[in-house]
Amino acid sequence: DTAAGDGIVDRRTTVTIQCIPYRLNRDDICGWLDRSGFAHKYDAVAMPCNRRRCQNFGYAFVNFIHPVYAAAAIRTFSG
């Protein structure tokens, strides 16, 4: 578990990734996560898509297998 600065243990494992280019698909996001050092550290990626336009909505949900990995992803991709 990761401890926040105020002593609260953070057990969240799901992260929302925003500002994803509309042309990318789920496989692109998984490849990007793997290349960024998160291979085998997540177990689900959900990326809502507009099927009529064949594009995503610009965000995805990633569930990491442990809160430490979720916190690391937030640090890695924030900013």
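Let me start at one small contact, where the backbone nitrogen of Asn25 lies 2.9 Å from a polar atom of the side chain of Asp28. Please keep in mind throughout that what we are looking at is a predicted model. Asp28 is found in helix α1, and with a relative accessible area of 33% this residue is partly exposed, because that value falls between the 20% under which a residue is buried and the 50% over which it is exposed.

From there I would like to follow helix α1 to its partner, helix α2, which covers residues 67–77. How do the two helices lie relative to each other, parallel or perpendicular? Their axes come within 11 Å and cross at roughly 95°, which makes α1 roughly perpendicular to α2. As for the residues that meet there, α1 contributes Trp32, Leu33, Ser36 and Phe38, while on the side of α2 we find Tyr69, Ala72, Ala73, Thr76 and Phe77.

Some of those names come back when we turn to the aromatic residues. How many aromatic pairs does the structure hold? The count is five. A pair of this kind is described by the distance of the ring centres and the angle of the ring planes. For Phe38 and Phe64 the centres are 5.7 Å apart and the planes stand at 65°, so this pair is edge-to-face, the angle being over 60 degrees. The pair links distant parts of the chain, since Phe38 sits in helix α1, residues 26–38, and Phe64 in strand β7, residues 59–64, with their positions 26 residues apart in the numbering. Phe38 is buried, with a relative accessible area of 5%, and Phe64 is buried as well, at 1%. Taking a wider view, Trp32, Phe38, Tyr42, Phe64 and Phe77 form one aromatic cluster.

Finally, a word on the cysteines. A disulfide is a covalent bond between the sulfur atoms of two cysteines. How many disulfides does this structure hold? The number is zero. Cys49, for example, is in no disulfide, and the nearest cysteine sulfur, which belongs to Cys54, is 9.1 Å away, whereas a disulfide would need the two sulfur atoms within 2.5 Å. Is Cys49 buried, partly exposed or exposed? Its relative accessibility is 36%, and so Cys49 counts as partly exposed. Cys30, by contrast, counts as buried, because its relative accessibility of 12% is under 20%.

Conventions. Residues numbered from 1 in each chain as written. Predicted model: local features only at pLDDT ≥ 70, side-chain atom pairs only at ≥ 80, totals over all residues. Heavy atoms only, no water. Buried < 20%, exposed > 50% of the residue type's maximum accessible area, 1.4 Å probe, protein only. Phe/Tyr/Trp six-rings, centres within 6.5 Å; stacked < 30°, edge-to-face > 60°. Helix = DSSP H or I, 4+ residues; strand = E, 2+ residues; numbered from the N terminus. Polar contact = N/O pair within 3.5 Å; in protein donor to acceptor, adjacent residues only side chain to side chain. Axes fitted to C-alpha atoms, helices over the stretch in contact; angles between N-to-C directions. Parallel < 35°, antiparallel > 145°, perpendicular 65-115°, else oblique. Contact = heavy atoms within 4.5 Å.
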